[in-house]
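Here is a short briefing to read with the model open beside you. Take a moment to turn the structure around before you go through the points.

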Amino acid sequence: MSNNIYIYIFVMAGVTYLIRLLPLTFIRREIKNTFIRSFLYYVPYVTLSVMTFPAILYATENLWSALAGLIAAIFVAWKGGSLIKVSAAACIAVFLVELFI
């Protein structure tokens, strides 16, 4: 996987750039459709999430500890925690689950 990381980054950048560039190229007026505007706004976040999610599940030796870290990170993020708090909660959850498994 380490050899393909540059391919993944290039594909993500290309898809994100093309989806934002094509409407600017073909549509000269302001886009007023709320669905299309929302779609174009969220494409970079979805692309990054789709590439990050499998890495989260396979980052640890055990799938259960990865799921515990993911759930802890989602919970802390849902409660409005900063990036440091979210990552610290995920690391602590993974550590505790790995400690007992």
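Which helix gives the most to the nonpolar patch? Helix H1, residues 5-26, does, with eight residues. Please keep in mind that this is a predicted model. The points below start with that patch, then turn to a salt bridge, a helix pair and two residue pairs.

**The nonpolar surface patch**
- The patch covers about 890 Å² of nonpolar surface.
- Its members are Ile5, Tyr6, Ile7, Tyr8, Ile9, Phe10, Val11, Val15 and Met51.
- Val15, one of these members, sits in helix H1.
- With a relative accessibility of 36%, Val15 is partly exposed, because the partly exposed class lies between 20% and 50%.
- That 36% also clears the cut-off for joining a patch, which asks for over 30% relative accessible area.

**The salt bridge**
- If you search the whole structure, you will find one salt bridge.
- Its partners are the side chains of Glu30 and Arg37, at 3.6 Å from N to O.
- The 3.6 Å separation fits the salt-bridge cut-off, which is within 4 Å.
- Glu30 counts as exposed, at 58% relative accessibility, because exposed means over 50%.
- Arg37, on the other side of the bridge, has a relative accessible area of 44% and is partly exposed.

**How helices H3 and H4 pack**
- Helix H3 spans residues 63-78 and helix H4 spans residues 83-100.
- The axes of H3 and H4 are 8 Å apart, and the two helices pack at an angle of about 150 degrees.
- H3 is therefore roughly antiparallel to H4, since that label applies to angles over 145 degrees.
- The crossing of H3 past H4 is right-handed.

**Two residues to find in these helices**
- Leu63 belongs to helix H3, and its relative accessible area of 44% makes Leu63 partly exposed.
- How far apart in space are Leu63 and Pro44? Their C-alpha atoms are 27 Å apart, with the two positions 19 residues apart in sequence numbering.
- Glu98 is part of helix H4, and Glu98 is partly exposed at a relative accessible area of 32%.
- Glu98 and Glu61 are 37 residues apart in sequence, and their C-alpha atoms are 8.4 Å apart in space.

Conventions:
Residues are numbered from 1 along each chain as its sequence is written. This is a predicted model: local features need pLDDT of at least 70, side-chain atom pairs count only at pLDDT 80 or more; totals for chains, interfaces and linings use all residues. Side-chain values use heavy atoms; hydrogens and water are left out. Buried means under 20% relative accessible area, exposed over 50%, partly exposed in between (1.4 Å probe, protein chains only). Patches are made of residues with over 30% relative accessible area and no salt bridge: like charges are joined within 9 Å, nonpolar side chains (Val, Leu, Ile, Met, Phe, Trp, Tyr) within 5 Å. Accessible areas come from the Shrake-Rupley method with a 1.4 Å probe; for residues, only the protein chains shown count as cover. Helices (H or I, at least four residues) and strands (E, at least two) are DSSP runs, numbered from the N terminus. Axes are lines fitted to C-alpha atoms, for helices over the stretch in contact, and angles run from 0 to 180 degrees between N-to-C directions. Angles under 35 degrees count as roughly parallel, over 145 as roughly antiparallel, 65 to 115 as roughly perpendicular and the rest as oblique. A crossing is left-handed if the near helix is turned anticlockwise from the far one by less than a right angle, and right-handed if clockwise.
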